[in-house]
Amino acid sequence: DASATDISLIAGRVVRISGTAHTSQGTPAAGQTVSLGQSLRSPTGFMSMWSMDSTKVGPDGTFSLRNVAPGEYNLNLRVPANGDVPAESAALTLSVAGTDIEGVVLTTSTGGSMAGRLVFDGNVTAPQAATQFRVVARPVNRDGPATGAYGSTTASPSAAAIRARQIDHSAPLTSTSTTGMD
């Protein structure tokens, strides 16, 4: 319980975000969902993400989101796999500052894959089964800390930090490296 709590509100104009969404083959992402969300990261690394609004892409590839308050947002589009065609996604960070944002272009990509092996200090055998480790790539916001996470081998192209985590911490993991770099 908190008593005598003051909450200040700041006036701001809500805006419209509009644009087009296409797959990597150039076809409209008709019927797919464009979502608008925000994410927050604490100084300790905890991250919280949530969706604010969403809209369907029209037959011609156009989309529009209305009544968006000022702030920084993540605009996301995901096209699910269809038969032999892999899933694709697109993501864009937008800063909304009181004026409509028009002409946004979202073009999906299948992303990429990565492979490697876990090597332990002194080249010793893994203290646990490989299934007790999880390798995660986190997209990196070029202006700050990591902004999200994905847990599969495909991801949208972006700068990423690769991390290995242990599920069972009986033998602590002390560092990770990619191409010889921590």
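How many salt bridges does the structure hold? In this predicted model, there are two salt bridges.

One of the salt bridges pairs D100 with R13, and the closest N and O atoms of the two residues are 3.6 Å apart. D100 is located in the loop between β6 (88–96) and β7 (101–107), whereas R13 belongs to the segment before β1 (15–22); the pair therefore ties together parts that are 87 residues apart in sequence. With a relative accessible area of 35%, D100 is partly exposed. R13 is likewise classed as partly exposed, at 46% relative accessibility.

A salt bridge is also formed between R16 and E102, for which the closest N and O atoms are 3.3 Å apart. This pair links distant parts of the chain, with R16 placed in strand β1 and E102 in strand β7, 86 residues apart. The relative accessibility of R16 is 24%, so this residue counts as partly exposed; the lower limit for that class is 20%. E102, by contrast, has a relative accessible area of 56% and is exposed, as the value is over 50%.

Apart from these charged pairs, a nonpolar patch was identified on the surface. The patch is formed by L40, W50 and M52, which together contribute about 300 Å² of accessible area. Of these residues, M52 is placed in strand β3, which spans residues 47–56. M52 counts as partly exposed because its relative accessibility is 42%, a value that also lies over the 30% required of patch residues.

How values were computed:
Residues numbered from 1 in each chain as written. Predicted model: local features only at pLDDT ≥ 70, side-chain atom pairs only at ≥ 80, totals over all residues. Heavy atoms only, no water. Salt bridge = Lys/Arg side-chain N within 4 Å of Asp/Glu carboxyl O. Helix = DSSP H or I, 4+ residues; strand = E, 2+ residues; numbered from the N terminus. Buried < 20%, exposed > 50% of the residue type's maximum accessible area, 1.4 Å probe, protein only. Patch = residues over 30% accessible without salt bridge, like charges linked within 9 Å, V, L, I, M, F, W, Y side chains within 5 Å. Areas by Shrake-Rupley, 256 points an atom, 1.4 Å probe, with all protein chains shown as cover.
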